[in-house]
Amino acid sequence: MLHTTASTLEEIALLREELSHKGQKLVLTNGVFDLLHVGHIRYLAEARALGDCLVVAINDDASTRSLKGPSRPIHRAENRAEMLLALRSVDRVVIFSEKHATRVIDAIRPHIYVKGGDYTPDTLVGEEKALMDKLGTEIRILSLSPGESTTATLERVTEAEKKENVATADTSQATPRIAILGSGTGSNARALLAAAAEGRLGAEVSVVVCDVPGAGILDIAEEYGVPTLVIDPKSKKRGHLSDEALQQLTDELTAIGVDLVVCAGFMRILREPLLSAFPERVLNLHPSLLPKYPGLNSAARALEAGDAETGCTVHLIDAGIDTGPILRQAHVPIFPDDTVDSLTARIHEAEHHIYPEVVADLLRSRAAATSHERA
Ligand code: GRF
């Protein structure tokens with residue numbers, strides 16, 4: 001019969017009598033057996049080979065704590081018993097509550113008592129030794145497998161944890177990379193590049209992408225020593241990028257390892273496959289208080305409508321035009337003597353302020369969410 005749970009001392013005492021009648025030998029060993037390792041497996045196999053039945057007496061959880069300290073056992077006694085009983089070499093397990101096994105030895109009266117090589121006959125607990133001498137129990141000390149112990153196992157776990165922490169820290173400390181996409185003068189690109197250079201962005205600008213050769217944004221990128229990429233839209237349609245151009249752009253940004261795509265006056269519509277390659281990571285800046293005045297000439301339209309204020313909006317790009325989730329807005333007053341130029345200049349000022357802030361906040365909250373997920 002296969003045992004999967006611990007036996008009582010009375011059951012083992014009966015078993016010992018049965019074995020004796022058959023001329024067979026009961027082998028007893030004891031310990032905590034908290035973290036099974038190959039040293040245990042070899043030791044128990046060797047112990048079993050000395051007789052006909054191996055009984056392992058394990059300390060209960062309270063006595064383990066008093067022997068090994070408050071952090072042990074890792075596995076509770078019932079589970080330790082179940083694991084040991086799953087081994088071919090172990091016939092029975094008993095759980096005992098004292099630090100030493102004297103009561104167990106007395107009850108079982110094993111033919112052979114086995115201990116590991118960290119003991120010598122002289123270092124065995126005195127009262128255990130005296131009792132076994134009296135019972136005529138044969139004492140055997142088995143050599144242990146070098147380097148295979150519970151302490152060594154715990155050290156390996158600690159080492160592995162340290163390595164894991166270093167790896168995690170490395171990833172979480174990696175500076176996020178952003179790509180700025182623009183078609184024009186690039187005053188917002190300048191604000192973002194300045195913020196990055198001053199360490200206010202929490203990111204490095206890895207590339208500036210532009211669809212208009214010779215545009216001012218390319219000079220600004222050069223001024224900041226940031227690589228540029230001039231893309232061919234491969235489409236004659238205004239505001240459009242061909243499927244091929246979109247795929248190329250997606251591939252380039254992916255190869256660079258871009259974390260965030262930041263549009264700053266990019267006059268072409270971004271769509272698949274780029275949006276799926278950077279889910280919720282493509283930002284746009286629009287010169288109005290969306291959902292008011294999406295599309296082109298927003299400042300002029302606000303002025304013509306006689307609005308008292310307008311502003312700018314940072315939003316995520318979705319499949320629509322200027323429809324994605326709004327991240328932040330800034331309000332800008334419209335004065336009676338404003339022209340399109342004066343109003344545009346005032347909107348720009350607000351844009352230069354909020355865009356770097358939103359990018360930094362977004363990257364910060366994403367980093368916090370990632371480290372939370374890891375924890
Ligand atoms: C900004 O007004 C922005 O809101 C819009 O395009 C303009 C870009 O200006 N999407 P700049 O090139 O950053 O100076």
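This report walks through two sheets, a ligand site and a few single residues of a predicted model.

## The five-stranded sheet

Let us start with an open sheet of 5 strands, whose order is β3-β2-β1-β4-β5 and whose pairing is parallel. Its edges are formed by β3 (92–96) and β5 (138–142), each of which pairs on one side only. From one strand to the next, the twist averages 25 degrees.

Strand β2, residues 53–59, pairs with β1 in the parallel sense over 6 bridges. β2 is also joined to β3 by 5 bridges, and these two strands run parallel. If you would like a residue pair to look for, Ala 57 has Val 94 in β3 as its bridge partner.

## A closer look at strand β1

Strand β1 covers residues 26–31, and 6 of its 6 residues are buried. Which residues lie on each face of β1? Leu 26, Leu 28 and Asn 30 are on one side, while Val 27, Thr 29 and Gly 31 are on the other, and all of them are buried.

Leu 28 is a handy landmark here. Opposite Leu 28 in β2 stands Val 55, and opposite Leu 28 in β4 stands Tyr 113. Strand β4 (residues 112–116) runs parallel to β1, with 3 bridges joining the two. Helix α2, residues 38–49, also belongs to this part of the picture: together with β1 and β2 it makes a right-handed β-α-β unit.

## The seven-stranded sheet

Another open sheet has 7 strands, in the order β8-β7-β6-β9-β10-β11-β12, and its pairing is mixed. Why is one side of β8 (228–230) and of β12 (326–333) left without a neighbour in the sheet? Both strands stand at the edges and each has a single partner strand, so one side of each has no neighbour there. On average, neighbouring strands of this sheet are turned by 20 degrees against each other, with direction ignored.

Within this sheet, β6 (residues 177–182) and β7 (residues 204–210) pair in the parallel sense over 6 bridges. One pair to find on screen is Ala 179 with its bridge partner in β7, Val 207.

## Around the ligand

Now for the ligand. The residues around the ligand include Thr 185, Gly 186, Ser 187 and Asn 188, as well as Gly 265. Leu 285, His 286, Pro 287, His 348 and Glu 351 are also among them.

Three side chains can be followed to oxygen atoms of the ligand. For Thr 185, an N or O atom of the side chain is 3.0 Å from a ligand oxygen atom. For His 348, a polar side-chain atom lies 3.2 Å from an oxygen atom of the ligand. For Glu 351, the distance between a side-chain N or O atom and a ligand oxygen atom is 2.5 Å. The ligand on its own has 360 Å² of accessible area, and the protein covers 86% of this.

## Helix α8 and Lys 234

Asn 188, one of the residues around the ligand, is also one of the buried residues of helix α8 (residues 187–197). The other buried residues of α8 are Ala 189, Ala 191, Leu 192, Leu 193, Ala 194 and Ala 195. After α8 comes Gly 199, which has a positive phi near 75 degrees.

Finally, where is Lys 234 found? Lys 234 is in the loop between β8 and α10 (243–256). Its relative accessibility is 34%, so Lys 234 counts as partly exposed. Along the chain, Lys 234 and Ala 277 are 43 residues apart, and their C-alpha atoms are separated by 20 Å.

Note on methods. Residues numbered from 1 in each chain as written. Predicted model: local features only at pLDDT ≥ 70, side-chain atom pairs only at ≥ 80, totals over all residues. Heavy atoms only, no water. Buried < 20%, exposed > 50% of the residue type's maximum accessible area, 1.4 Å probe, protein only. Helix = DSSP H or I, 4+ residues; strand = E, 2+ residues; numbered from the N terminus. Pairing = 2+ DSSP bridges. Right-handed = clockwise from strand over helix to strand, strands pointing away. Near = heavy atom within 4 Å. Polar contact = N/O pair within 3.5 Å; in protein donor to acceptor, adjacent residues only side chain to side chain. Areas by Shrake-Rupley, 256 points an atom, 1.4 Å probe, with all protein chains shown as cover. Axes fitted to C-alpha atoms, helices over the stretch in contact; angles between N-to-C directions.
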